[in-house]
Amino acid sequence: ADILCIVGARPNFMKIAPIMAAFRANAPHLTVKLVHTGQHYDVAMNDRFFEQLGIPNPDISLEVGSASHAVQTAEIMKRFEPVLEAEQPQAVLVVGDVNSTIACALVAAKRGVRVVHVEAGLRSRDRTMPEEINRILTDQLSDRLYTTEAEALDNLHAEGIAAERVCFAGNVMIDTLRASEARAVPAQQTLMAAADPQVFTMAPDGYAVLTLHRPSNVDDPQVLSRLLAVLGEISERLPLVFPVHPRTQNKIREAGLGGFLDSPRLLALPPVGYFEMIGLMREAKLILTDSGGLQEETTALGVPCLTLRENTERPITITQGTNTLVGTDTAAIRQAVADVLATGGKGGRQPQNWDGHAAERIVADLAAWLAAV
Ligand code: UD1
């Protein structure tokens with residue numbers, strides 16, 4: 001193959017879909033293969049996204065599954081090296097900041113294969129966050145870097161990465177959002193399918209969507225318990241729809257906090273599909289989340305987002321979008337929700353190059369770059 005594209009975890013799927021489509025449409029002379037590491041493997045975390053987003057079946061599956069960070073990363077590296085050897089690509093394209101991203105970038109860089117990173121230069125400046133380590137290292141190893149917001153170039157520059165290697169292409173995740181909006185599943189339909197209307201009483205003024213999965217929020221039972229307590233309180237005012245990530249489900253159970261999921265004004269769902277999620281977000285009063293992708297999608301959709309973290313690697317969602325960092329302090333979360341309910345929340349505008357055409361710009365630039373190097 002000329003190019004190996006790597007995916008592993010759920011947030012990679014919405015990023016690779018428009019890139020694969022743009023390769024097919026605009027650079028048919030390049031042979032592109034899709035490698036799936038198998039970091040995410042559940043039907044709800046994986047298969048549904050391939051189906052809904054029309055991602056071609058992976059050409060190569062590494063089937064690594066779950067493990068500690070070291071074991072998972074090492075296992076991906078071990079299994080990817082022979083693939084790279086057999087395929088002899090001109091470049092390996094990685095997206096985002098998950099363990100699959102750094103693992104494949106590192107293997108490629110050490111074998112002298114060019115690394116291309118989509119979503120480069122984002123920095124939370126919080127090295128306790130596993131993704132921050134993945135971002136810094138992947139960018140250092142990359143030969144061509146595509147950014148989603150202007151500040152990313154400053155971050156890369158500060159780390160000694162030459163501006164000539166960086167291209168401000170925009171946000172491929174928003175390409176997928178724009179391409180999929182028409183197929184969003186109405187929230188009512190998703191809620192009706194999941195909820196016993198006797199149990200989950202929808203307030204006339206709507207609902208909020210909650211997602212939680214960051215280790216910093218869910219791994220420590222004390223932190224988790226404090227967060228769930230204030231969220232339970234919020235659900236009294238505004239019902240919460242909560243698609244639960246598998247790791248969060250495990251942590252809630254391990255901490256003995258399963259009762260939270262039975263609150264009458266909280267609807268816990270298994271992970272939902274992409275079209276279901278857009279529908280739920282679009283019609284929500286607000287989103288409470290610790291996800292990176294949701295901070296961007298809510299900005300694109302114009303829905304207020306309260307981010308349950310102390311920092312963000314996506315500052316444009318704050319300066320131009322609908323995002324507010326509220327941290328994990330109980331009083332701050334309570335106040336922020338009250339503010340959104342009173343005022344309708346922060347308005348925003350569309351960041352530059354979040355226009356649905358980022359993948360086309362990436363493929364055009366990449367084809368020209370490969371022809372020149
Ligand atoms: C990973 C990414 C994170 C991303 C998130 C989105 C890293 C370091 N983290 O975190 O950046 O925001 O994906 O979902 O790469 N599990 C299942 N089924 C699956 C996948 C995972 O049950 O299909 C459970 C397992 O118990 C596993 C745990 O979730 O141990 C964590 O999975 P892992 O891939 O290690 O990281 P995520 O928390 O999903």
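Here are some questions and answers about this predicted model, taking its two sheets, a few helices and the ligand in turn.

Q: In what order do the strands of the seven-stranded open sheet run?
A: Let's begin with the sheet whose pairing is parallel throughout its listed order. Its edge strands, β3 (60-61) and β7 (166-168), each pair on one side only. Put together, the order is β3-β2-β1-β4-β5-β6-β7.

Q: Which residue in β2 is the bridge partner of isoleucine 3?
A: β1 and β2 pair in the parallel sense, with five bridges between them. Isoleucine 3 has its bridge partner in β2, and that partner is valine 32.

Q: What angle does the direction of α1 make with that of β1?
A: Helix α1 packs on this sheet, where it touches β1, β2, β4 (91-95) and β5 (114-120). Its direction against that of β1 comes out at about 155 degrees.

Q: Which strands does helix α3 lie across?
A: Helix α3 covers residues 69-87 and runs at about 160 degrees to β1. The strands it lies across are β1, β2, β3 and β4.

Q: Which residues of helix α2 are buried?
A: Helix α2 spans residues 43-53. Its buried residues pack against β1 (3-7), α1 (10-26), β2 (32-36), α7 (172-180), α11 (246-254) and α12 (274-282). The buried set is Ala44, Met45, Asn46, Phe49, Phe50, Gln52 and Leu53.

Q: Which residue follows α2, and what is the sign of its phi?
A: Just after α2 comes a residue with phi near 60 degrees. That residue is glycine 54, and the sign of its phi is positive.

Q: Which strands sit at the edges of the six-stranded open sheet?
A: The order here is β10-β9-β8-β11-β12-β13, with parallel pairing. An edge strand pairs on one side only, and that picks out β10 (266-269) and β13 (323-325).

Q: What is the average twist from one strand to the next in the six-stranded sheet?
A: This is the open sheet with the order β10-β9-β8-β11-β12-β13. Going from one strand to the next, the twist averages 20 degrees.

Q: Which residue of β13 stands opposite leucine 306?
A: Strand β12 (residues 305-307) pairs with β13 in the parallel sense, over three bridges. Opposite leucine 306 in β13 stands threonine 324.

Q: Which strands does helix α15 touch?
A: Helix α15 (residues 330-343) packs on the six-stranded sheet. Its direction makes about 165 degrees with that of β11. The strands it touches are β11 (286-289) and β12.

Q: Are the residues of β9 buried or exposed?
A: Strand β9 takes in residues 240-243. Leu240 and Phe242 point one way, while Val241 and Pro243 point the other way. Whichever way they point, all of them are buried.

Q: Which residue in β9 is the bridge partner of valine 209?
A: Strand β8 (residues 208-211) runs parallel to β9, and two bridges join them. For valine 209, the bridge partner in β9 is valine 241.

Q: What is the handedness of the crossover from β9 to β10?
A: β9 and β10 run parallel and are joined by four bridges. Across this pair, phenylalanine 242 stands opposite alanine 268 in β10. The chain gets from β9 to β10 through α11, and this β-α-β crossover is right-handed.

Q: Which residues come nearest to the ligand?
A: There are 19 residues around the ligand. Polar contacts to ligand oxygen atoms include a side-chain atom of histidine 245 at 3.0 Å and a side-chain N or O atom of arginine 247 at 3.3 Å. A polar backbone atom of asparagine 99 is 2.8 Å from a ligand oxygen. The nearest residues are Gln39, His40, Asn99, Glu131 and His213.

Q: Why does glutamate 131 count as buried?
A: Glutamate 131 lies in helix α5 (residues 130-141). Beyond its sequence neighbours, it touches Asp97 and Arg214. Buried means under 20% relative accessible area, and glutamate 131 qualifies because its value is 14%.

Q: Which backbone oxygen does the side chain of asparagine 155 reach?
A: Asparagine 155 is in helix α6 (residues 151-158), and it is buried, with a relative accessible area of 8%. Leaving out residues up to four places away in sequence, it touches Gly121, Leu122, Arg123 and Arg125. At 2.8 Å, its side chain reaches the backbone oxygen of glycine 121.

Methods: Residues numbered from 1 in each chain as written. Predicted model: local features only at pLDDT ≥ 70, side-chain atom pairs only at ≥ 80, totals over all residues. Heavy atoms only, no water. Pairing = 2+ DSSP bridges. Axes fitted to C-alpha atoms, helices over the stretch in contact; angles between N-to-C directions. Contact = heavy atoms within 4.5 Å. Buried < 20%, exposed > 50% of the residue type's maximum accessible area, 1.4 Å probe, protein only. Right-handed = clockwise from strand over helix to strand, strands pointing away. Near = heavy atom within 4 Å. Polar contact = N/O pair within 3.5 Å; in protein donor to acceptor, adjacent residues only side chain to side chain.
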